[in-house]
Amino acid sequence: MHKNSRSPGKGLFCVTLSALMILSFSVAAFGRDLNEITKQGVIRHLGVPYANFVTGSGDGMDVELIQGFARHLGVRYEYVKTTWENCVADLVGKRVKPVGAEVEIIGDAPVKGDVIANGFTILPWREKVLNFSTPTFPTQIILVSGATSSLKPIKPSGNVAKDIEAVKRLTKSRTVMGVEKTCLDPSLYGVQEAGARVKNFTGSIDDLASAVLKQEAETVIMEMPDAFLALKKYPGKIK
């Protein structure tokens, strides 16, 4: 697996990763390499239940992906449930704190897995400590609002850059909620510079759509697969 240079810029787009392999950290502890995995006969898949990439019930797109990889290697597959907050530490054995595009090591952690396979975006700070595969599921992010909002979807112009700017203009003087240090972080997309009032969501990403229903924010930033699930969960209540 090789490092991919694509990462979110100032547009409302991001790339999810369905496989991520360890990179030798410039500190003492990190996970097993491929030779150790094949020698010990098991690959440990770190996954966060999210948007049917990993359901938590033994299936999901990335579960099947790594199960197929395990068969290719001739080793046993093992799923290890993790969280957004802990997955990097569970892989590299160090707790890190993003500081802009850099990272600060803040402590040790037990290594629990060999590969993160999830909807997992290439972010500059993550590239400092992880080696990404080629993306397996390119996607987008969108702004979601309540059905009663005066906001209306833009009409696509055929020019992605212009469409992104049009969406950003709609956020002026409106509340935009996202999740810090993830691909849903409003700071990645320049909405505050466009005049939006930015708020941070501290709950589970799976519950993000509920923020507009509870009127905690006028709009929320969501990844497309999760937004589709939210539209199904709350029919007629969000747009």
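How many of the residues of strand S13 (residues 219-223) are buried? In this predicted model, five of its five residues are buried, and the strand is mostly covered. The side chains are divided between two directions: Thr219, Ile221 and Glu223 point one way from S13, whereas Val220 and Met222 point the other way. Residues of both groups are buried.

The pairing of S13 with other strands may be considered next. Strand S10 (residues 137-145) pairs with S13 in the antiparallel sense, over five bridges. Within this pairing, Ser145 has Thr219 of S13 as its bridge partner. Strand S11 (residues 175-178) also pairs with S13, but in the parallel sense and over two bridges. Here the bridge partner of Met177 is Val220 in S13. Thr219 and Val220 have already appeared above as residues that point in opposite ways from the strand.

A second region of interest begins at helix H2 (61-73). At 1.5 Å a residue, the 13 residues of H2 should span 18 Å, and the distance of 19 Å between its end C-alpha atoms agrees with this. Asp62, Val63, Ile66 and Ala70 are buried in H2. Seen down the helix axis, the buried residues of H2 fall within an arc of 105 degrees, and therefore they line one face of the helix. A general property of helices is relevant here: an α-helix has 3.6 residues a turn, so residues three or four places apart point the same way. On the other side of H2, Glu64, Arg71 and His72 are exposed. The elements that cover the buried residues of H2 include S3, strand S4 (76-81) and strand S7 (115-116). Just after H2, Gly74 takes a positive phi of about 75 degrees.

The loop between strand S3 (42-47) and helix H2 holds Ala51, and Asn52 lies in this loop as well. Although Ala51 is not a glycine, its phi is positive, at about 50 degrees. Asn52, likewise not a glycine, has a positive phi of about 65 degrees. How do they stand in terms of burial? Ala51 counts as buried because its relative accessibility is 14%, under the limit of 20%. Asn52 is partly exposed, because its relative accessible area of 47% lies between 20% and 50%.

The cysteines complete this account. Cys87 counts as buried, at 1% relative accessibility, and Cys183 is buried as well, with a relative accessible area of 7%. A search of the whole structure finds zero disulfides.

Technical notes
Residues numbered from 1 in each chain as written. Predicted model: local features only at pLDDT ≥ 70, side-chain atom pairs only at ≥ 80, totals over all residues. Heavy atoms only, no water. Disulfide = S-S within 2.5 Å. Buried < 20%, exposed > 50% of the residue type's maximum accessible area, 1.4 Å probe, protein only. Helix = DSSP H or I, 4+ residues; strand = E, 2+ residues; numbered from the N terminus. Pairing = 2+ DSSP bridges. Expected span 1.5 Å × (residues − 1). Arc of directions from axis to C-beta. Contact = heavy atoms within 4.5 Å.
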